[in-house]
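Reader: Please take one part of this model and go through it closely. I would like to know how the helices there pack and what surrounds them.

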Amino acid sequence: MITPVRSQSDAGLARARPRPHFLPVRFPRPVVLLLALLHVYIGVRLLLPFGAATQVAGGSLLAVCFCLLPKGFRIRDDRGAWAVMLPWLAMGFFSWLLVLTIFRDVSLLASALALSPQAHESWIRISAMAIMALTPAITLVGFFMARRVAPVVNVKVPLAGLPKELEGFTIAQISDIHVGQTIKRNFVEAIVDRVNLLKADMIAITGDVADGSVPDLAQHTEPLARLESRHGTYFVTGNHEYYSGVHAWIRELERLGARVLVNEHVVLDHDGAALTVAGVTDYSAHHYDPSHRSDPLAAAKGAPEHAPKLLLAHQPRSANSAEAAGYQLQLSGHTHGGQFWPWNFLVRLQQPFIAGLNRLGRMWVYTSRGTGYWGPPMRFGIPSEITLIRLVRE
């Protein structure tokens, strides 16, 4: 039984549809110029030690990479699925090529100081060849890690005072699927099939389901209607819902059978024990809709005092307010765990937690690495996940 309470504050690649529903959003010319200069930098640093034939071949590959590279955040997808996928693959390839070239230059400075002239000259060629081999290999591995069905990660969360009836209560969490230009219906269907095999007590979707409008993507998110659990599916908005028409997506998720929690909570009756499941809007929601300002305290208003309180919040940044409001556990996403190295280090500048189970005062925070990906189909070293949370008594 579910008692709703509203607060006072408000692994396949599918072919694209025949019409272009992602119109280009172009980068400013200075950004495009910078990308061109970075390709030139890579070419100069990696190709100069070699002969003319290698330089021509390498220069041609870099030119193709630059031409393929997305020049904005949207690509026309009326020309076939791979015409959409290849630019994003090129972005992942370029990212690794640039990072490895920078690290090589640092190593060359060190070798110039530490090695003999002959050894240093040898390292110049060997390190360049290593990068030429490593970059496509890493790109390929990262692509397959991103495109596979997310593996299940099992996590036990000990809660003080957990009623014995809630011992072993399971929550299947999926987050940051990012249905859009490269993630289509087949990808979502595979996620749903794997989640349903878990036979969880409830399902939590912690935001960023889609990148695009409901009319364009409804056919691809439709498999979410098949999600099955004892107490149903609960959804909270992520920042990408606000980029894509949040009110339409709220209606669509409700149509698919999810309970959307907009700064509110429900009380689950599980074998006679109560569990409060609250949800807040995205941490940045007020920038797009002032009535959607994220409010963990309001979401718990009126919840039974004796019941453990679980909060669904897209961004880990909600944790401080959630801990002050008396929640025992917060489930979040947003970070993708950084998605692929070394950009995971930049996430630490914005979020208090990047991935996994962390403690904040009296509250646990679990941050999912995400079930899909955003932008480049790249997951090297930071795998996606479907999380099975199991509550246990402390």
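Author: The crossing of α6 and α8 is right-handed. The model is a predicted one, and everything below is to be read as computed from it. The axes of α6 and α8 lie 11 Å apart, at an angle of about 25 degrees. An angle under 35 degrees counts as roughly parallel, and α6 and α8 are therefore roughly parallel to each other.

The contact between the two helices can be given residue by residue. On the α6 side it involves V214, L217, A218 and T221, and on the α8 side A248, W249 and E252. An α-helix has 3.6 residues a turn, so residues three or four places apart point the same way.

Helix α6 itself covers residues 214–221, and 6 of its 8 residues are buried, which leaves the helix mostly covered. The buried ones are V214, D216, L217, A218, H220 and T221. They pack against two helices, α5 and α8.

On the other side of the contact, E252 belongs to helix α8, which runs over residues 246–255. Is E252 buried or exposed? Its relative accessibility is 7%, so E252 counts as buried, the cut-off being under 20%. Leaving aside residues up to four places away in sequence, E252 touches V214, A218 and T221. These three are also listed among the α6 residues that meet α8, and among the buried residues of α6.

Next comes helix α5, the other partner of α6. Helix α5 spans residues 185–198. Among the contributors to the largest nonpolar core, which has 39 residues, those touching the most other members are I174, I177, V195, L224 and L227. To this core α5 gives the most, with 5 residues. The contacts of L224, not counting residues up to four places away in sequence, are I174, I177, V188, V192, V209, L253 and L256. Of these, I174 and I177 are themselves named with L224 as residues touching the most other core members. A second core is separate from this one; it has 25 residues, including L275, L310, L329 and Y366.

Helix α5 also holds one ring of an aromatic pair. The model has 5 aromatic pairs by the rule used here. A pair of aromatic rings is described by the distance of the centres and the angle of the planes. For F143 and F144, the centres are 5.4 Å apart and the planes stand at 75 degrees, an edge-to-face pair. The two residues of that pair differ in exposure: F143 is buried at 11% relative accessibility, while F144 is exposed at 51%. F187 and Y373 also form an edge-to-face pair, with 6.3 Å between the centres and 85 degrees between the planes. F187 lies in α5, and Y373 lies in the loop between β12 (363–367) and β13 (386–393), so this pair ties together parts that are 186 residues apart in sequence. Here F187 is buried at 3% relative accessibility, and Y373 is buried at 1%. Elsewhere, Y242, Y243 and Y288 make up one aromatic cluster.

After α5 the chain enters the loop between α5 and β4 (202–205), where K199 is placed. K199 is not a glycine, yet its phi is positive, near 50 degrees. With a relative accessible area of 70%, K199 is exposed. H336 is another residue that has a positive phi without being a glycine, at about 60 degrees. H336 is found in the loop between β10 (329–332) and α11 (344–347). In contrast to the exposed K199, H336 is buried, at 6% relative accessibility.

A second helix pair can be set beside α6 and α8. Two packed helices are described by the angle between their axes and the distance between the axes. Helix α1 (residues 29–47) and helix α2 (residues 52–68) have axes that come within 10 Å and cross at roughly 160 degrees. An angle over 145 degrees counts as roughly antiparallel, and α1 and α2 are therefore roughly antiparallel to each other. The crossing of α1 and α2 is right-handed. From α1 the contact takes in V32, L35, A36, H39, I42, G43 and L47, and from α2 it takes in T54, Q55, G58, G59, L62, C65 and F66.

How values were computed
Residues are numbered from 1 along each chain as its sequence is written. This is a predicted model: local features need pLDDT of at least 70, side-chain atom pairs count only at pLDDT 80 or more; totals for chains, interfaces and linings use all residues. Side-chain values use heavy atoms; hydrogens and water are left out. Rings of Phe, Tyr and Trp (its six-membered ring) pair if their centres lie within 6.5 Å; planes under 30 degrees apart count as stacked, over 60 as edge-to-face and the rest as tilted. Buried means under 20% relative accessible area, exposed over 50%, partly exposed in between (1.4 Å probe, protein chains only). Helices (H or I, at least four residues) and strands (E, at least two) are DSSP runs, numbered from the N terminus. Contact means heavy atoms within 4.5 Å. A nonpolar core is a set of buried Ala, Val, Leu, Ile, Met, Phe, Trp, Tyr and Cys residues joined through side-chain atoms within 4.5 Å. Axes are lines fitted to C-alpha atoms, for helices over the stretch in contact, and angles run from 0 to 180 degrees between N-to-C directions. Angles under 35 degrees count as roughly parallel, over 145 as roughly antiparallel, 65 to 115 as roughly perpendicular and the rest as oblique. A crossing is left-handed if the near helix is turned anticlockwise from the far one by less than a right angle, and right-handed if clockwise.
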